[in-house]
Amino acid sequence: MNNEIINYLGKKFGCVLSADYYSKINEWRLWWIGFYEPFHRIAFENGESYRTKDMYTLKMAKKICEDWASILINDKTSVKLDDRYSSEFLMGESENGGVFGSNNFWEEANGLMERMMWSGTAAVVIRLKNVSVDRKGKIIPSPDAKIDLNYIDADMIIPMSCDNGIITEAAFCSELYLHGSKKIYLEIHRLEGGEYVIENHLFNTERYGGTLTEETLPEGIPALIKTGSDKPWFSVCRPAVVNPFPESNGLGCSIFYNAIDNLKGADLAYNNFNSDIWLGQKKVFLSKSLMSELSGEKKISPDEVNQQLFYYISETIDDGTGKPLVQEHNPELRVEENIAAVQSQLDLLSFKAGFGTKHYQFNTYRDVTATQYVGDKQDLIQHAHKHFINVEGFLHRLVKTILLIGYRYIDGKLDPDARVSVVFDQSPFIDENSERERDRQDVLNGILAKWEYRMKWMGESEEEAKAVLSEIADGERGNVTV
């Protein structure tokens, strides 16, 4: 985050903003990438000079975030609307079109969830393309307008106002290159008279030693937009983790903020494992009398070279001292001990990341009952449903705002009050086949209605499920022959 941007906002709007929290976000980013230099770069002395060596790393921070993203938004996640026309505007007939399809939403949203997990915050900002504004900044409706979704990471989000943990006003930054020059595009969403206005600014940072220099906006981007709505044109999402850090300005915290020591432990165990393999290569020790002949005054440490050299010396290898000129050394690899150490660290890390202790198991293959399966995943289930609450709210706000914008400025036939429901994938938490078979039996026994079964397993609303069942019944009656 550019401190100049934060200073600019503070002076322009008189708000007190701190840049300190972004240093934590940057540290979490380095762990997510898999190389935090203060820990992973080791300095040592080899007898002649100080050198550095990079540790082997499992890069588990990224794996944790990938796994959470795969649970929260995947190919089975869906949004349902009770208005068909609005649903087709949002997702098309196949659920891969409409606004979501043109913005590659589901793929981008999955990546956004991963970045949210490491950084603590993510946002989607809504923009309108192919529209004009009048002199007062009001948008002129047009059927040719297009809704553009922009996916913003935590280090590019600057909260300006926060009410009960909800960010109500914010600035969003993005870096871009125009005509070979680096620019910062700043979009400010703030309330004015109970309605949101959006300010757009463009800065050049390559002149005057990196000092911000405001420039003219590109053609087609208005300096001011009055949305005429009390609904923000952005939706923010955070992990369901209480942020313990002061001066976070409403931003969330990383899913692994309290598991840094466990990330270190996993990398230490893995580094030790690989180091044992490296040091466990066969070593051929030569007599000192041969060392001078082969390499002069310089002595070569056995592990300074990744090779084994064999020399034919003579018919005998004894120099008369009774000690062989050449000796072999075959170190133990300690495979079992190292595997146990890595697994123990992964169990602790898995527990701290909210997955329970058995999420990262490599040597356990066993048949379990449905009850045991669910029991082993209790921690994962509890934490996932906490995150689902936040993600559902994020998607609900986003969809409702898209429908409102579409209704006001693109197509008046849309229903901004359409009921929105979010269906999450439950398969990671249950033995799906057993659960589904049990529900089939409940339907046959009259305990569960057919429409309830369709709602649960096919993601339909109550009205949709009953309508489909009615069509099936009509079809069966039409096939009856007298």
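# A tour from a helix pair to a sheet

Select helix 8 and helix 10 in this predicted model. In helix 8, Asn 262, Leu 263, Gly 265, Ala 266, Ala 269, Tyr 270, Asn 272, Phe 273 and Asp 276 make contact with helix 10. On the helix 10 side, the partners are Val 335, Asn 338, Ile 339, Ala 341, Val 342, Gln 345, Leu 346, Leu 348, Leu 349 and Lys 352. Colour them by class: this contact has 12 nonpolar, five polar and two charged residues.

Now show residues 260–279 and 335–352 as ribbons. The two axes come within 9 Å and cross at roughly 165°. An angle over 145 degrees counts as roughly antiparallel, and helix 8 and helix 10 are therefore roughly antiparallel to each other. The crossing is left-handed.

Next, select strands 7, 4 and 14. They form an open sheet in that order, with antiparallel pairing. Strand 7 (146–153) and strand 14 (234–237) are the edges, each pairing on one side only. From one strand to the next, the twist averages 20°.

Zoom in on strand 4, residues 122–129. Eight bridges join strand 4 to strand 7. Which residue of strand 7 is the bridge partner of Leu 128? Pick Ile 147.

Add helix 7, residues 105–119. Helix 7 lies across strands 4, 7 and 14, at about 20° to strand 7.

Finish at helix 1, residues 3–13. Ile 5, Ile 6, Tyr 8, Leu 9 and Gly 10 are buried there. What covers them? Show helix 2 (21–33) and strands 8, 9, 10, 11 and 12, which are among the covering elements. Just past helix 1, click Gly 14: its phi is positive, about 70°.

Key: Residues numbered from 1 in each chain as written. Predicted model: local features only at pLDDT ≥ 70, side-chain atom pairs only at ≥ 80, totals over all residues. Heavy atoms only, no water. Buried < 20%, exposed > 50% of the residue type's maximum accessible area, 1.4 Å probe, protein only. Helix = DSSP H or I, 4+ residues; strand = E, 2+ residues; numbered from the N terminus. Contact = heavy atoms within 4.5 Å. Pairing = 2+ DSSP bridges. Axes fitted to C-alpha atoms, helices over the stretch in contact; angles between N-to-C directions. Parallel < 35°, antiparallel > 145°, perpendicular 65-115°, else oblique. Left-handed = near helix turned anticlockwise from the far one by under 90°. Nonpolar A, V, L, I, M, F, W, Y, C, P; charged D, E, K, R; others polar.
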